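Here is a short report on one protein chain. Keep the sequence and the 3D view open while reading.

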Amino acid sequence: NKGKLIISIIILAIVTILLILFANNWRNKTIINRITIKGNITLSESEIYAAAGLKADSLINLEELNLVFIRDRIAKHPEIKKVLVSKEPPSELIIEITEKKPIAIILKKNELFLIDEEQEIFPVKNYDKAFDLPIISGLNADETKNKADIDMAINFLKVVYSSGKYLQNLISEINMKDTTKIIVKTNDILIPFYFPRIDNKGFDLYKEKLSLFKDFIDDEIMRKNLNCEYVDLRYTNQIIAKIN
C-alpha cells in the first residue's frame with residue numbers, strides 16, 4: 001500500500017508538471033487575431049495600422065508582442081497626441097488614440113503648419129482636413145516675438161471657437177504683422193477688421209469685440225450693403241469704419 005501511494009504521488013506530480021508545461025506552451029502560442037482601434041476621429045484605421053506597422057488581418061504571437069514598441073511607432077504620427085496600447089484576453093489588441101485637434105493653420109517662413117490650442121505645431125499631412133481652418137499669418141522672423149503673437153492669436157481664436165460655428169466659419173485669417181492691432185479677414189467679405197492686441201488672455205474683451213464684429217456684419221454690411229475700406233473695433237464704445 002505504501003508503495004502504491006508513492007507511485008500515485010509520482011504519477012500525479014508528473015501529470016501536474018505536464019499540464020503546466022502544456023499550459024505555458026499553449027499560452028505562448030496564443031495568437032492575437034483581433035485589433036480594435038478607438039478614439040480616431042479624422043484619422044482612418046488604415047493610417048493607424050500603417051503607423052503601427054500592422055495590417056488589419058495581422059496575426060501576432062502573444063509571446064512576440066511588444067506593446068511599447070507598437071505604442072512608440074504610433075506616437076510618431078504627427079497628428080496623434082497620445083496613444084495607449086493594451087492586450088485584452090484572450091486574443092485582442094486594443095489601440096486607443098487621442099488625436100491632436102488643430103485650431104488654425106500657421107504660416108512660418110513661407111511654410112504651412114497646423115497648430116493646436118496648446119500651441120503644438122505639426123506638419124500638414126492632409127490638406128482636406130485643414131481646408132476650413134483659419135490661417136495665422138504675418139509672424140515676425142524673431143522667434144521671441146513670434147511666441148507673443150502666437151499666444152495672442154490662439155487666445156483670440158479660442159474665443160472665436162467658443163462663440164459658435166457662425167464666427168468660426170466666418171474668419172479666414174488672423175494677421176499679426178501690425179504691432180498696434182490684430183487684422184482679421186473673413187471668408188466672404190473683403191473688408192479687414194481691426195481688433196485690439198491684448199497681452200493677457202482677454203477673453204471677455206475679445207468676446208465683446210466679436211459680438212460687435214458679428215452685429216456690424218449682419219446689420220451694416222449684409223443688410224445695408226455698406227462698402228468699407230476697413231472697420232476698426234479697437235476703441236471703447238465706438239466703431240470706426242472708413243467708407244469707400
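## Asn175 and its surroundings

The model is predicted. In it, the side chain of Asn175 reaches the backbone nitrogen of Lys177, at a distance of 2.9 Å. Asn175 sits in strand 10. Its relative accessibility is 8%, so Asn175 counts as buried; the cut-off for that class is under 20%.

Contacts from farther along the chain surround Asn175. With neighbours within four places in sequence left aside, Asn175 is in contact with Ser137, Gly138, Lys181, Ile182 and Ile183. Gly138 is 37 residues away along the chain, yet the C-alpha atoms of Asn175 and Gly138 are separated by 5.2 Å.

## The chain as a whole

The chain has 244 residues, and 37% of them are buried. Its secondary structure comprises 6 helices and 14 strands. Take the contacts between residues at least 6 apart in sequence: 49% of these join residues at least 24 apart.

## Two nonpolar cores

In soluble globular proteins, nonpolar side chains tend to be buried together. The largest nonpolar core here holds 35 residues. Which of them touch the most other members? They are Ile136, Phe156, Ile174, Phe193, Phe195, Leu210 and Phe213. Several elements each supply at least two residues of this core: strand 6, helix 4, helix 5, strand 10, strand 11, strand 12, helix 6 and strand 13. Helix 4 provides the largest share, with 8 residues. A second core of 18 residues is separate, and its members include Leu54, Ile60, Leu93 and Ile97.

Phe156 gives a closer view of the largest core. Residues up to four places away in sequence are not counted here. Phe156 then touches Ile171, Ile174, Val184, Phe195, Tyr206 and Leu210. Of these partners, Ile174, Phe195 and Leu210 are also among the residues that touch the most other core members.

## Thr36 and Glu92

Thr36 belongs to strand 2, which covers residues 34–38. Glu92 belongs to strand 5, residues 92–99. Are these two residues buried or exposed? Thr36 has a relative accessibility of 16%, so it counts as buried. Glu92 is buried too, because its relative accessible area is 15% and the cut-off is under 20%.

The side chains of Thr36 and Glu92 are joined by a polar contact of 2.4 Å. Beyond four places in sequence, Thr36 is in contact with Glu92, Leu93, Ile94 and Ile95. Leu93 is also a member of the second core. On the same basis, Glu92 touches Ile32, Arg34, Thr36, Ser86 and Lys87. Arg34 is 58 residues from Glu92 along the chain, but 4.8 Å separates their C-alpha atoms.

## The second largest pocket

The second largest pocket encloses about 200 Å³ of space. Its lining consists of Lys101, Pro102, Ile103, Glu117, Asp132, Leu133, Tyr161, Lys165, Gln168 and Asn169. By class, that gives 4 nonpolar, 2 polar and 4 charged residues.

Which elements each supply at least two lining residues? Strand 6 (102–108) and helix 5 (165–170) do. Helix 5 gives the most, with 3 residues. Strand 6 and helix 5 also each supply at least two residues of the largest nonpolar core.

## Asparagines in loops

Most residues other than glycine have a negative phi. Asn225 has a positive phi, near 55°. Asn225 lies in the loop between helix 6 and strand 13. With a relative accessible area of 64%, Asn225 is exposed. Asn237 also has a positive phi, near 65°. The loop between strand 13 and strand 14 holds Asn237. At 81% relative accessibility, Asn237 counts as exposed.

Where is Asn110 found? Asn110 is in the loop between strand 6 and strand 7 (111–116). Its relative accessible area is 77%, so Asn110 is exposed; exposed means over 50%. Asn110 and Ser137 are 27 residues apart in sequence, and 9.6 Å apart in space from C-alpha to C-alpha. Ser137 is also one of the contacts of Asn175, and Asn175 is buried.

Technical notes
Residues are numbered from 1 along each chain as its sequence is written. This is a predicted model: local features need pLDDT of at least 70, side-chain atom pairs count only at pLDDT 80 or more; totals for chains, interfaces and linings use all residues. Side-chain values use heavy atoms; hydrogens and water are left out. On a 1 Å grid over the protein atoms alone, a cavity is a set of points where a 1.4 Å probe fits but cannot get out, and a pocket is an open set with protein on both sides within 12 Å along at least five of seven lines; lining residues have an atom within 4 Å of a point. Grid points are joined across faces, edges and corners, and a volume is the space filled by probe spheres set on the points. Helices (H or I, at least four residues) and strands (E, at least two) are DSSP runs, numbered from the N terminus. Ala, Val, Leu, Ile, Met, Phe, Trp, Tyr, Cys and Pro count as nonpolar, Asp, Glu, Lys and Arg as charged, and the others, Gly among them, as polar. Buried means under 20% relative accessible area, exposed over 50%, partly exposed in between (1.4 Å probe, protein chains only). A polar contact is a pair of N or O atoms within 3.5 Å; within protein, one must be able to donate a hydrogen and the other to accept it, and residues adjacent in sequence count only if both atoms are side-chain atoms. Contact means heavy atoms within 4.5 Å. A nonpolar core is a set of buried Ala, Val, Leu, Ile, Met, Phe, Trp, Tyr and Cys residues joined through side-chain atoms within 4.5 Å.
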